[in-house]
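Me: I've got a new model open and I'd like to practise reading it feature by feature. Can you walk me through it?

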Amino acid sequence: MNLGPDPLQPAVISAGRSGQRFVDRYTGEISQDTAGGTRELFDTITARHRWFDADDENRATARGITGASNLAFLFLLVTGAYLWLPPDFYRAALHVGSFGVLRPGLLRFALLYAVPERS
């Protein structure tokens, strides 16, 4: 049950993900959902975006496709960063100082490319 700050707004009683009823706070009368069309539109958009509008029995397949797409995007992100960064960055990153500790110059070098240039 959800009560908003405005005393004139109805209370919202939720049952699961899609079941909602609007109840008058004072009389207990169940009122009509005035945003039914809008809610149905956004439910449809969400279902198409997340699960390609698949039914319950095909939702696992759609979830797998979404996961594979996310892994492909991560691969593109990592390889794009590898191709974009200059070769000096990798030489400095792989150069190890005494006692197997990375040199402090690496942090300055990384920040050189992370911080935008002032104009």
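Me: Let's start with one residue: is Asp53 buried, partly exposed or exposed?

Reply: Keep in mind that this is a predicted model. The idea is to look at the relative accessible area, where buried means under 20% and exposed means over 50%. Asp53 comes out at 40%, so this residue is partly exposed.

Me: And where does Asp53 sit along the chain?

Reply: Look for the loop that runs between helix 1 (36-51) and helix 2 (59-84); Asp53 is in there. Check the backbone too: Asp53 has a positive phi of about 60°, even though this residue is not a glycine.

Me: Which side chain does Asp53 meet in a salt bridge?

Reply: General idea to begin with: side chains of opposite charge can pair when their charged atoms come close. Here the partner of Asp53 is Arg48, with 3.4 Å from N to O. Arg48 is exposed, at 52% relative accessible area.

Me: How many salt bridges does a search of the whole structure find?

Reply: Two. Besides the Arg48 and Asp53 pair, there is a salt bridge between the side chains of Arg59 and Asp56, at 3.8 Å from N to O. To see why both count, use the cut-off: the nitrogen has to be within 4 Å of the carboxyl oxygen. As for accessibility, Asp56 is exposed at 62%, whereas Arg59 is partly exposed at 24%.

Me: Now the overall fold. In what order do the elements of the protein chain run from the N terminus?

Reply: A quick way in is to write the elements as a string, and here that string is β-β-β-α-α-α-α. In numbers, the protein chain has three strands and four helices.

Me: How are the three strands arranged in the sheet?

Reply: For any sheet, ask about strand order, then direction, then edges. The order here is 1-2-3, the pairing is antiparallel, and the sheet is open. Strands 1 and 3 are the edge strands with a single partner strand each, so each has one side without a neighbour in the sheet.

Me: Which residues could I click on to follow the pairing?

Reply: Go one strand pair at a time. Strand 1 (residues 11-15) and strand 2 (residues 19-23) are joined by five bridges in the antiparallel sense, and Val12 has Phe22 of strand 2 as its bridge partner. Strand 2 also pairs with strand 3 (residues 30-31), again antiparallel, over two bridges. For that pair, find Val23 opposite Ile30 and Phe22 opposite Ser31.

Me: What links strand 2 to strand 3?

Reply: When neighbouring strands pair up, count the residues between them and look at the phi angles in the turn. Strand 2 and strand 3 form a hairpin with six residues between them, and Gly28 in the turn has a positive phi of about 80°.

Me: There's also a segment before strand 1. What does Gly4 touch?

Reply: It helps to skip the sequence neighbours when reading contacts. Leaving out residues up to four places away in sequence, Gly4 touches Gln9 and Arg25. Gly4 lies in that segment before strand 1 and is partly exposed, with 22% relative accessibility.

Me: How much of the chain is buried, and what does the surface look like?

Reply: Start with totals, then look for patches. Of the 119 residues, 9% count as buried. The chain exposes about 10300 Å², with carbon and sulfur atoms supplying 61% of that area. For a patch, select Leu71, Phe73, Leu74, Leu77 and Val78: together they make a nonpolar surface patch of about 530 Å². Leu74 is found in helix 2 and is partly exposed, at 46%.

Me: What share of the contacts with a separation of 6 or more comes from residues 24 or more positions apart?

Reply: This one tells you about the sequence range of the contacts. In this chain the share is 3%.

Me: Last one: which element has the lowest mean pLDDT and which the highest?

Reply: Where pLDDT is low, the predicted coordinates should not be read in detail. Helix 3 (residues 87-94) has the lowest mean, 64, and helix 2 has the highest, 88. Across the chain the average is 77, and 69% of the residues score at least 70.

Key
Residues are numbered from 1 along each chain as its sequence is written. Side-chain values use heavy atoms; hydrogens and water are left out. Buried means under 20% relative accessible area, exposed over 50%, partly exposed in between (1.4 Å probe, protein chains only). Two strands pair if DSSP finds at least two bridges between them. Contact means heavy atoms within 4.5 Å. Accessible areas come from the Shrake-Rupley method with a 1.4 Å probe; for residues, only the protein chains shown count as cover. Patches are made of residues with over 30% relative accessible area and no salt bridge: like charges are joined within 9 Å, nonpolar side chains (Val, Leu, Ile, Met, Phe, Trp, Tyr) within 5 Å. pLDDT is the predictor's confidence in each residue, from 0 to 100.
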